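Dear colleague,

Here is the structure I promised to hand over, together with its sequence. My notes on what was found in it follow below.

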Amino acid sequence: MTDTLRIAVVGHTNTGKTSLLRTLTRDPRFGEVADQPGTTRHVEGARLSVTGGGALEWFDTPGMEDSIALLEYVEQLAAPAPGSTRPTAQDDGAAHATQDPSTASEQATRERLDGPARIRRFLASPEAHRRFEQEARVLAKLLDCDAALYVIDARDPVLAKHRDELALLAACGRPLLPVLNFVNAPAHRAQAWRDAMARLGLHAVLEFDTVAPALDGEQQLYARLVVLLDRHGPMLQRLAEQLAQGRQARRDTAYRLAAELLVDVAALHLTSANDDATLAATAAQLRDRVREREQACVTALLALYNFRADDYHADELPLSGERFGLDLFHPQALKSMGVQVSMGAAAGAMAGAAVDLLSAGLSLGTGTLIGAAAGGLWQGVERYGRRLAGKVRGYRELSVDDPVLRLLALRARQLIAALERRGHAARAPLQLQAHTAGEATTTDDDWRRAPLPAPLKEARSRPEWSALAQGHDDDERRKQCVAALAGLLMQDEARGTSSR
């Protein structure tokens, strides 16, 4: 039989229940999120299929708003009927004289309803469809599920309404896992909530910030659920492994996209006539192609992590329209990231463009190649000879300056790291941080100051590798260099994360 686990997400209004499910399902479109309370008015669901069989079904429920009054009403419904009240002390002797003990015991047993029976009696009452209609939806769905996540806004104080809320939820007889949301807020009360949960017998508590969850947040969540729901343990463990594999696959793809960007830009060479006006126009064309290529990479990364371009506000982000607001080729962009500005990067119309970086990465002497080109003897140097022949005839080659490549690498690394840590409930704009003294990691310093890695040096000498030029050749060697560069980017980021 297929193992299907049903979990309700419950709690007070406006604690982040829908936000939690957006993050767990990686779906920024799930449900409706707003600052005002009571945004979710009905039950919504999402299903995660598990490799090897089984599924986890999540159910988002409305917020509970009037738990104090509801608990009083439920207790009134569960009270003994008027004709079956237990005898008082004054007429205790008379009661014993007139009532058979076995009959009294059976009547008392009938009157003592367990938690789920009390909740069902409430759901069958008229007020479940009137005053407490929203709470009734929550309790009915919880009775229909195997367990629940009780979402708490850790910034709120612990109040009587929360204790009554938990009493009602616990009466449903389902395992509850309290989830402390917004624990990254500076004024959270996570410890007070942990203490309150312990007094109520709930000792398994999870901290999970839906805006910026911990990198292992999902693994912690499913580990807690395995303890609470051991019958579903194997399926939950498979799901946790499946999600971890998916995350690793996304990281691999993200760094490959960044490596593709760097190789395309490093290999880009544009030929220009040697006069100043044409050189300036060609440099402008070079910069535009690189900007567009970086934006294409950013768009691909957002799609990979299932974020949307319209989640971002151009006036608050490094993205502005179709390019970074702080321009990639502006000297201040380089300085803000701690990249040393070269003469070429600060040379006005030629900013970010290096002229005649033709010999970078070549094993043959430039003089030998020029001589071969001038004499028309191409033979084994055809790939470089045609380019050198153009130079001899008065043409120049422009390519991107090294500091710009460094800046591209740093921005791609920062964006990937930010997307890795961003929950799908986040609504504030994502911002990449500029470099400030004392905050740099060792690995970022490598990208700012160390020599360019070998794959980029090789790409410098292989203009046919750039997808930004005609005659693009994605040969096996290019694929190897992209893979090697992606590994360097990922390895460095992993080391930088562990050192923070």
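Of the 500 residues of the chain, 49% count as buried, and please keep in mind throughout that this is a predicted model. The chain holds 18 helices and eleven strands. Among contacts between residues at least 6 apart in sequence, 75% join residues that are at least 24 apart.

I looked at three helix pairs, two of which share helix α5. Helix α5, which covers residues 115-123, packs against helix α6, residues 133-143, at an angle of about 135°, and the axes of the two helices are 10 Å apart. Because an angle of this size falls neither under 35 degrees, nor over 145, nor in the range of 65 to 115, α5 is described as oblique to α6. The crossing of these two helices, α5 and α6, is left-handed. On the α5 side the contact is made by Pro116, Ile119, Arg120, Phe122 and Leu123, and on the α6 side by Ala136, Leu139, Ala140 and Leu143. Sorted by class, the contact of α5 with α6 consists of eight nonpolar residues and one charged residue, with no polar ones.

Helix α5 also meets helix α2, residues 67-78, where the two axes come within 9 Å and cross at roughly 100°. The crossing angle therefore makes α2 roughly perpendicular to α5. From α2 the contact draws on Leu70, Tyr73, Val74, Glu75, Leu77 and Ala78, while α5 contributes Arg118, Arg121 and Phe122. By class, there are six nonpolar and three charged residues in the contact of α2 with α5, and again no polar ones. Phe122 of α5 is named both in the contact with α6 and in the contact with α2.

The third pair is formed by helix α11, residues 276-304, and helix α15, residues 402-420, whose axes come within 11 Å and cross at roughly 15°. Since angles under 35 degrees count as roughly parallel, α11 is taken as roughly parallel to α15. The crossing of α11 and α15 is right-handed. Val290, Glu294, Val298, Leu301 and Leu302 of α11 make this contact with Leu408, Arg411, Leu415, Ile416 and Leu419 of α15. The residues of the contact of α11 with α15 divide into eight nonpolar and two charged, with no polar residue.

Two single residues are also worth setting out. Arg460 has its place in helix α17, residues 454-460, and with a relative accessible area of 4%, Arg460 is buried, because the cut-off for that class is under 20%. The side chain of Arg460 reaches the backbone oxygen of Val400 at 2.6 Å. The C-alpha atom of Arg460 is also separated by 8.8 Å from that of Val265, although these two residues are 195 residues apart along the chain.

Leu159, by contrast, is found in the loop between β4 (147-153) and α7 (160-170). Is Leu159 buried or exposed? The computed relative accessibility of Leu159 is 37%, so Leu159 counts as partly exposed, a class that lies between the cut-offs of 20% and 50%. The C-alpha atoms of Leu159 and Ala196, which are 37 residues apart along the chain, are separated by 9.8 Å.

With best regards

Technical notes. Residues numbered from 1 in each chain as written. Predicted model: local features only at pLDDT ≥ 70, side-chain atom pairs only at ≥ 80, totals over all residues. Heavy atoms only, no water. Axes fitted to C-alpha atoms, helices over the stretch in contact; angles between N-to-C directions. Helix = DSSP H or I, 4+ residues; strand = E, 2+ residues; numbered from the N terminus. Left-handed = near helix turned anticlockwise from the far one by under 90°. Contact = heavy atoms within 4.5 Å. Nonpolar A, V, L, I, M, F, W, Y, C, P; charged D, E, K, R; others polar. Buried < 20%, exposed > 50% of the residue type's maximum accessible area, 1.4 Å probe, protein only. Polar contact = N/O pair within 3.5 Å; in protein donor to acceptor, adjacent residues only side chain to side chain.
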